[in-house]
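User: I would like to go through this structure in a series of questions, with the reasoning set out for each answer. Please begin once the sequence and the coordinates are in view.

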Amino acid sequence: MRKILFSSSEVHPLIKTGGLADVSGSLPTALHLQGHDIRIIMPAYRKCLEQLEKIHPIATLKLDGFHLPIEIFQSTLPGTNVPLLLVHSPQHFDREGGPYSSPTGEDWQDNAARFTLFSRAVAALAMNQAGLNWQPDVLHCSDWQTALTPALIADLPNRPVTVFTIHNLAYQGLFSREIFDALDLPEKLWHSDGLEFYGLLSLIKGGLIYADHITTVSPTYAKEICNYEFGYGLEGLLSLRAKQGRLSGILNGIDNTEWNPKKDRYLTKTYSIKNLRNKTINKASLQQYFGLPEKEDVLLMGIISRLVPQKGIDLTLEAVTKLLESGANIQLVCLGSGEPSYEQDLRILRARYPDKVGVDIGYNEALAHQIEAGSDVFLMPSRFEPCGLNQLYSLRYGTLPIVRNTGGLADTVVDATENNRKNGTATGFKFDQSNAGELEKTISRALDLFQRPRIWRKMMITAMEQNYSWQQSAETYVQLYESL
Ligand code: ADP
């Protein structure tokens with residue numbers, strides 16, 4: 001049994017912008033079920049305070065660099081018995097909007113201060129300086145928002161071992177030198193083997209430089225970030241960590257209770273390998289929702305995504321337009337939000353092909369489940385993808401993923417080559433080069449196989465039999481904690 005403090009800036013079901021929240025809800029829950037004494041710590045955003053029923057203050061702290069004292073609140077993660085600690089600083093976290101940005105989508109101006117305050121509070125708890133009489137053996141941090149803590153405690157005696165997980169290296173928490181000064185951070189951290197990155201303050205380097213071990217969320221992404229193309233200038237440091245045996249990839253799991261076609265409360269009709277016919281009822285509902293003709297023989301393609309360049313939305317738009325122009329028997333339904341230009345382009349495509357394309361701009365948990373269940377294939381032509389969760393949900397729902405061969409997508413989808421089909425391992429479709437032509441060819445390949453129901457059905461079953469539960473990943477994390 002280990003004592004673990006799990007620090008994250010977003011935790012499902014309280015607040016979420018992406019996969020990090022899913023992981024921060026599921027992994028601690030899995031570790032808790034395995035008997036570990038794990039506590040999650042996150043900022044007390046207004047959204048969390050509104051949702052949590054039982055919540056009480058357990059400590060007051062005064063942190064370096066901040067005038068007002070802060071409070072630590074305790075609660076439990078909804079739907080579990082996992083202890084949840086919240087860092088309460090109303091002027092930093094009790095406001096309308098998302099965890100990093102205002103209701104209109106602009107990053108908060110004081111993000112550096114907000115997450116420095118949070119990281120300092122986590123450091124106090126990690127060092128048992130909050131009067132709680134509890135010190136973790138392991139401090140597990142994720143992404144730049146939490147990355148300062150390993151740096152702050154690196155030199156202290158009797159500190160916990162530190163693990164830092166990269167969920168997406170594209171987000172690094174870069175700020176100016178002036179901000180470094182304003183935050184009253186120790187001057188000894190300002191050098192190229194510290195937090196400095198070409199004259200800027202790089203918060204993610206707190207984790208990359210000072211954590212005892214770095215993980216990322218898939219084995220392939222762990223290799224990719226050691227290269228120029230994916231490393232954002234940090235590839236040298238990351239290659240060194242890999243050589244030192246201090247960087248590894250552990251694939252994310254999925255929450256099998258939440259994402260289960262047998263029990264999913266959002267579906268028109270639940271289904272399983274034994275009654276796959278019921279999946280088509282969900283397809284009809286989805287077509288109806290988007291005002292598309294309810295046809296069974298059309299290949300219905302789903303997308304649920306942040307609309308950002310990473311996700312290859314532009315490739316999808318181009319490839320799907322070509323296919324629609326050529327009269328391919330396809331439909332596309334897309335749920336997402338993000339860059340206005342992509343939102344606009346999707347709406348235009350919808351206007352041009354109202355009986356082929358459905359678009360819903362926004363964030364919608366129920367619809368996400370319905371798209372996973374009702375679609376025949378799921379599109380994820382990402383330029384890079386640290387792990388990706390939607391392709392894992394898709395596998396579980398028998399919705400064959402069409403993915404680019406990168407990161408976690410490469411690790412979890414088996415391409416429908418003739419060989420893989422013959423040996424019964426194929427679960428989806430993959431392509432290598434990041435361009436619309438390749439995607440178009442791959443969709444055509446899927447369309448061909450879709451005409452062969454026996455093969456398709458076999459692939460659906462193989463996909464649904466894959467096991468990406470958290471239990472397995474959680475055990476790998478425990479082995480890592482033990483090894484440190
Ligand atoms: P990323 O973390 O890069 O956004 P992932 O595939 O790892 O990508 O995780 C995305 C998560 O967010 C999934 O659980 C997905 O279902 C969810 N998601 C993304 N966009 C939406 C949306 N518009 N509505 C509902 N869920 C969404």
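Analyst: The questions below concern a predicted model, and they take up its nonpolar cores, its cysteines, the ligand site, its backbone geometry and one glutamate.

User: Which helix gives the most residues to the largest nonpolar core?

Analyst: The largest nonpolar core holds 94 residues, and those that touch the most other members are Leu-5, Met-42, Ile-166, Leu-169, Leu-201, Leu-208 and Leu-238. In soluble globular proteins, nonpolar side chains tend to be buried together. The helix that gives the most to this core, with 11 residues, spans residues 111-126 and is H4.

User: How many residues make up the second, separate core?

Analyst: Apart from the largest core of 94 residues, there is a second, separate one, whose members include Tyr-342, Leu-346, Leu-395 and Phe-429. The number of residues in this second core is 71.

User: Which tryptophan does Leu-201 touch, leaving out residues up to four places away in sequence?

Analyst: Leu-201 is one of the residues that touch the most other members of the largest core. With residues up to four places away in sequence left out, its contacts include Gly-173, Leu-174, Phe-175, Ser-176, Ile-179 and Phe-180. Among the other residues that Leu-201 touches are Leu-183, Leu-185, Leu-195 and the tryptophan in question, Trp-190.

User: Why is Cys-48 not bonded to Cys-141?

Analyst: A search of the whole structure finds 0 disulfides. Cys-141 is buried, with a relative accessible area of 0%, and Cys-48 is likewise buried at 0%. A disulfide requires two cysteine sulfur atoms within 2.5 Å. The closest cysteine sulfur to that of Cys-48 is in Cys-141, and the two are too far apart for a bond because the distance is 18 Å.

User: What share of the ligand's exposed area does the protein bury?

Analyst: The ligand is surrounded by 19 residues, of which the closest are Gly-19, Arg-306, Lys-311, Gly-362 and Leu-389. A polar backbone atom of Asn-364 lies 3.0 Å from a nitrogen atom of the ligand, while an oxygen atom of the ligand is 3.0 Å from a backbone N or O atom of Leu-389 and a polar side-chain atom of Tyr-393 is 3.5 Å from a ligand oxygen atom. Taken alone the ligand exposes 570 Å², and the share of this area that the protein buries is 93%.

User: Which element gives the largest share of the shell around the ligand?

Analyst: Two or more residues of the shell come from each of helix H1 (19-33), strand S13 (299-307), strand S14 (330-338) and helix H16 (390-396). The largest share is 3 residues, and the element that gives them is S13.

User: Where is the proline that follows a cis peptide bond?

Analyst: Most residues other than glycine have a negative phi, and most peptide bonds are trans. The peptide bond from His-12 to Pro-13 is cis, with omega near 10 degrees. Pro-13 is placed in the loop between strand S1 (3-7) and H1.

User: Is Asp-143, with its positive phi, buried or exposed?

Analyst: Asp-143 is a residue other than glycine with phi near 65 degrees, and its place is in helix H5, residues 143-146. The relative accessibility of Asp-143 is 9%. Since buried means under 20%, Asp-143 counts as buried.

User: How does the accessibility of Tyr-232 count: buried, partly exposed or exposed?

Analyst: Tyr-232 also has a positive phi, of about 50 degrees, although it is not a glycine. This tyrosine lies in the loop between helix H10 (228-231) and helix H11 (235-243). At 36% relative accessibility, Tyr-232 counts as partly exposed.

User: Which residue has a side chain in polar contact with that of Glu-224?

Analyst: Glu-224 has its place in helix H9, residues 219-224, and at 11% relative accessibility it counts as buried. Its C-alpha is 9.1 Å from that of Phe-384, although the two residues are 160 apart in sequence. Leaving aside neighbours within four places in sequence, Glu-224 is in contact with Phe-230, Thr-406 and Gly-407. The polar contact, at 2.9 Å, joins the side chain of Glu-224 to that of Thr-406.

Key:
Residues are numbered from 1 along each chain as its sequence is written. This is a predicted model: local features need pLDDT of at least 70, side-chain atom pairs count only at pLDDT 80 or more; totals for chains, interfaces and linings use all residues. Side-chain values use heavy atoms; hydrogens and water are left out. A nonpolar core is a set of buried Ala, Val, Leu, Ile, Met, Phe, Trp, Tyr and Cys residues joined through side-chain atoms within 4.5 Å. Buried means under 20% relative accessible area, exposed over 50%, partly exposed in between (1.4 Å probe, protein chains only). Helices (H or I, at least four residues) and strands (E, at least two) are DSSP runs, numbered from the N terminus. Contact means heavy atoms within 4.5 Å. A residue is near a molecule or strand if one of its heavy atoms lies within 4 Å of it. A polar contact is a pair of N or O atoms within 3.5 Å; within protein, one must be able to donate a hydrogen and the other to accept it, and residues adjacent in sequence count only if both atoms are side-chain atoms. Accessible areas come from the Shrake-Rupley method with a 1.4 Å probe; for residues, only the protein chains shown count as cover.
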